[in-house]
Amino acid sequence: MGVSGVVCVTVELHDDEHWMRHALELAHRAQHEDDEIPVGAVLVSADGEILGEGWNRNIAESDPTAHAEVVAMRAAGAKLGNHRLIGTTLYVTLEPCAMCAMAMVHARVGRVVYGASDPKTGAAGSVFDLLTDPRHNHRVEVRGGVLAEEASQRLTNYFRVKRGKPPL
């Protein structure tokens with residue numbers, strides 16, 4: 001495609017890491033402000049504007065649906081006054097579960113970028129592949145593994161401390 005195509009890819013990759021770092025900061029808040037599992041999410045418009053952000057709030061809100069992704073999408077929907085989040089990218093530190101993946105499909109999120117894979121309940125390709133399933137009337141582009149080591153380490157250490165073990 002030529003040099004211009006490479007430049008676009010480089011910029012996109014850089015942006016993905018930038019926004020994933022922001023999601024990791026939100027994950028830090030989940031753990032240190034609310035003692036929640038450290039998962040953070042930020043929803044960004046095609047123009048690079050933050051539309052919504054959040055972190056896990058299940059325990060704090062006594063709400064089983066208050067995953068970081070759902071919190072961010074709810075905030076974006078309220079900001080936009082629309083349940084459709086067309087053309088957006090959702091950055092999340094952990095591969096989305098089935099509930100969150102289907103919420104993204106229904107909201108028409110354009111793209112999801114995640115950090116750590118979830119080999120037990122991941123629905124973006126690890127266990128299920130709900131985001132790109134051709135049977136849906138909308139498919140979400142997926143990019144996994146962005147800053148995966150940092151995201152995975154944060155989760156591992158959270159659970160180690162909960163079990164009385166020292167962090168790695």
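Helices here are DSSP runs of H or I with at least four residues, strands are DSSP runs of E with at least two, and both are numbered from the N terminus. The model is predicted, so local features need pLDDT of at least 70 and side-chain atom pairs count only at pLDDT 80 or more, while totals for chains, interfaces and linings use all residues. Residues are numbered from 1 along each chain as its sequence is written, and side-chain values use heavy atoms, with hydrogens and water left out.

Q: Which residue just after helix 3 takes a positive phi?
A: Let's start where helix 3 (68-80) stops. Just after this helix, a positive phi of about 65° is taken by Gly 81.

Q: How far does helix 3 reach from its first C-alpha to its last?
A: Helix 3 has 13 residues. The expected span of a helix is 1.5 Å times one less than its number of residues. For helix 3 that expected value is 18 Å, and the model comes close to it, with a reach of 18 Å.

Q: Which residues of helix 3 are buried?
A: A residue is called buried under 20% relative accessible area, exposed over 50%, and partly exposed in between (1.4 Å probe, protein chains only). The cover over the buried residues of helix 3 includes strand 1, strand 2, strand 3 and helix 4. Those buried residues are Ala 68, Glu 69, Val 70, Val 71, Ala 72, Met 73, Ala 76 and Gly 77.

Q: Which element gives the most residues to the largest nonpolar core?
A: A nonpolar core is a set of buried Ala, Val, Leu, Ile, Met, Phe, Trp, Tyr and Cys residues joined through side-chain atoms within 4.5 Å. The largest one has 43 residues, and Leu 90, Met 104, Val 109 and Leu 131 have the most contacts inside it. Elements that give two or more residues to this core include strand 1, helix 3, helix 4 and helix 5. With 6 residues, the one that gives the most is helix 1.

Q: Which residues does Met 104 touch, not counting those up to four places away in sequence?
A: Met 104 belongs to the residues with the most contacts inside the largest core. Contact means heavy atoms within 4.5 Å. With that cut-off, Met 104 touches Glu 69, Met 73, Leu 90, Pro 96, Val 109, Val 112, Leu 131, His 138 and Val 140.

Q: How many salt bridges are there?
A: The rule to use is this: a salt bridge is a side-chain nitrogen of Lys or Arg within 4 Å of a carboxyl oxygen of Asp or Glu. Glu 61 and Arg 57 make one example, at 3.2 Å from N to O. Counting by this rule, the number of salt bridges is 12.

Q: How far apart in sequence are the parts tied together by Asp 35 and Lys 162?
A: The side chains of Asp 35 and Lys 162 meet in a salt bridge, 2.7 Å from N to O. Asp 35 lies in the loop between helix 1 (3-34) and strand 1 (40-44), while Lys 162 lies in helix 5 (residues 148-162), so the pair ties together parts whose separation in sequence is 127 residues.

Q: Is Arg 135 buried or exposed?
A: Arg 135 and Asp 133 meet through their side chains in a salt bridge of 2.6 Å, N to O. Asp 133 is buried, with a relative accessible area of 11%. Arg 135 has a relative accessible area of 74%, so this residue is exposed.

Q: What phi does Ser 62 have?
A: Ser 62 sits in the loop between helix 2 (58-61) and helix 3. This residue is exposed, at 67% relative accessible area. Although Ser 62 is not a glycine, its phi is positive, at about 50°.
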